[in-house]
Structure formats: C-alpha cells, structure tokens
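Morning, everyone. Let me put the structure up, and then we will walk through it.

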Amino acid sequence: MNNSHTWIAALATIAVLIAYEAVQALMRWRTPERVARTSHMRLREEWFAAVSGHPGSELLAVQTLRNSLMSATMTASTAVLGLVATVSLAAPSLHARFNDPDGLVLITPSLMLELVLLSLLFASLVCSAMAVRYYNHAGFIIGMPSESPARQRWNDAGRVCVRRGGVLYSWGLRYLVLVAPILAAALHPYAGPPAALLVICVLYGFDRSETPVSVSVSLR
C-alpha cells in the first residue's frame with residue numbers, strides 16, 4: 001500500500017471525527033435547544049430540583065444516583081481494560097520507535113493511530129472516573145433530609161455535581177465510541193474513513209434533542 005495513501009486515509013479518519021465534534025460544539029453554542037446533551041443537562045437539574053422538593057424521596061434519589069454511578073464505573077472499567085490491552089500490544093513497537101539509537105522518532109500512520117487510540121481511552125477513563133467522583137458527592141447531598149438546614153446549604157452544590165457528573169459520563173462514553181473508527185484504521189487504513197462516517201451517523205441520531213429545552217443551560 002502506498003505510504004501517502006495510508007497517511008491520507010489515517011488523517012481522513014481523524015479529520016472526520018474532529019469535524020463532527022466541531023459542528024456539535026458550534027450547535028451547542030448557537031442552538032443548544034437542538035442538542036440532546038443540553039436537554040439531558042436540563043433533565044438532571046430538574047430531577048434534582050424535583051426530588052429536593054419532595055420529602056421522603058431521598059432513598060429513591062440515592063438509588064437513581066447509584067445506578068448512574070455504576071454506569072460510569074462500567075465505562076471507566078472498560079476504558080481501563082482497553083487501555084491496558086492497547087499498551088500491552090503497542091508497547092514493544094512504541095519502545096523501539098522512541099528509543100532509536102540515532103535519536104530519531106519515525107512518525108508513521110500506525111504510530112499516530114496508536115497514540116490517538118491511547119489518548120481516547122485515557123480521556124474516557126479520566127472523564128468516567130471524574131463522573132464517579134461527582135455522582136459520589138451528589139449521593140451524600142441527596143441523601144440528606146430534604147428539609148434539613150444542611151441540605152438547603154448544599155442544594156446548589158448537589159445540582160452542580162449532578163450536572164457535571166452527567167456531562168463527564170457523556171464524554172467518557174463518547175470517547176469510548178470514537179475508539180471504533182480509530183481501531184478500524186489501525187487494522188487497515190482504508191477501513192478508517194467508512195467506519196468514522198458510520199459512527200457519526202449513529203452519533204447524530206443520539207445527538208439530536210427530542211425534547212428541546214426552552215432556556216440556555218450553563219456548560220460548566
């Protein structure tokens with residue numbers, strides 16, 4: 001296979017994914033009501049406000065957060081397994097390339113794809129682990145009696161934790177999905193662009209908001 005064609009296919013795979021994420025970022029800025037992630041952020045905030053206003057719902061709220069925490073934990077575990085497997089398989093070639101006697105590192109399409117793959121898995125692990133952290137904090141807050149003074153002091157923090165935990169979980173899962181076209185390109189460069197387009201088609205269906213929000217939501 002021609003080396004230039006291999007480079008083009010590998011770069012096209014990455015460029016397609018970056019372009020789609022850039023379009024999504026622009027949509028979240030210009031028309032957030034059309035993006036599912038914004039609707040989900042609003043949903044989590046309204047859920048926290050609803051359970052906070054109903055005494056006796058603390059147990060149900062904690063169980064709901066526990067389910068979210070377990071989902072984030074499973075994503076983090078999957079990312080860890082993928083990261084360890086990728087490092088184990090790629091370590092010999094990476095070690096040989098970065099320890100060249102002449103001090104030169106030959107950048108090849110396969111090396112670039114391996115580094116992108118490791119970066120996506122690591123990012124998924126970090127985001128999922130941070131989501132677990134925020135959900136854990138929210139669990140302590142939502143478990144307080146809803147009418148207690150301590151709960152009233154921590155309500156705003158709990159709302160922020162639920163929102164940020166959801167955003168980080170979303171990113172962790174998204175990075176894990178984006179691994180697929182990179183892995184396909186690593187196996188065969190020409191398989192990368194079609195796989196990237198296929199993943200984008202799937203993500204587009206999930207990224208559209210079925211219940212538009214009426215107000216803008218902070219992305220912090």
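One term before we start. A nonpolar core is a set of buried Ala, Val, Leu, Ile, Met, Phe, Trp, Tyr and Cys residues joined through side-chain atoms within 4.5 Å. Keep that in mind.

What you see is a predicted model. The average pLDDT of the chain is 87. A score of at least 70 is reached by 89% of the residues. Now look at residues 215–220. There, pLDDT stays under 50. The model has 10 contacts for that stretch beyond four places in sequence. Where pLDDT is low, predicted coordinates should not be read in detail.

On to the fold. The chain has six helices and zero strands. From the N terminus, the order is α-α-α-α-α-α. Take the contacts between residues at least 6 apart in sequence: 80% of them join residues at least 24 apart. The chain has 220 residues, and 40% of them count as buried. Its accessible surface is about 12300 Å², with 68% belonging to carbon and sulfur atoms.

Now the cores. Which residues of the largest nonpolar core touch the most other members? They are Leu-17, Leu-113, Leu-178 and Ile-182, out of 22 residues in that core. Helices H1, H3, H4, H5 and H6 each supply at least two residues to this core. H4 gives the most, with seven. Zoom in on Ile-182. Beyond its neighbours within four places in sequence, Ile-182 contacts Thr-13, Ile-14, Leu-17, Leu-113, Val-116, Leu-117 and Leu-120.

There is also a second, separate core, of 15 residues. Its members include Phe-48, Ala-61, Ala-131 and Tyr-134.

Phe-48 takes us to helix H2, residues 36–52. How far apart are the end C-alpha atoms of H2? They are 24 Å apart. With 17 residues at 1.5 Å a residue, the expected span is 24 Å, so the two agree. Among the buried residues of H2 are Met-41, Glu-45, Phe-48, Val-51 and Ser-52.

Two of those meet a residue from another helix. Asn-155 in H5 touches Phe-48 and Ser-52, leaving out residues up to four places away in sequence. Is Asn-155 buried or exposed? Buried means under 20% relative accessible area. Asn-155 has 16%, so Asn-155 is buried.

Last, the cysteines. Cys-127 is at 13% relative accessibility, so Cys-127 counts as buried. Cys-161 is at 10%, so Cys-161 counts as buried too. How many disulfides does the structure hold? Zero.

Conventions: Residues numbered from 1 in each chain as written. Heavy atoms only, no water. pLDDT = per-residue confidence, 0-100. Contact = heavy atoms within 4.5 Å. Helix = DSSP H or I, 4+ residues; strand = E, 2+ residues; numbered from the N terminus. Expected span 1.5 Å × (residues − 1). Buried < 20%, exposed > 50% of the residue type's maximum accessible area, 1.4 Å probe, protein only. Disulfide = S-S within 2.5 Å. Areas by Shrake-Rupley, 256 points an atom, 1.4 Å probe, with all protein chains shown as cover.
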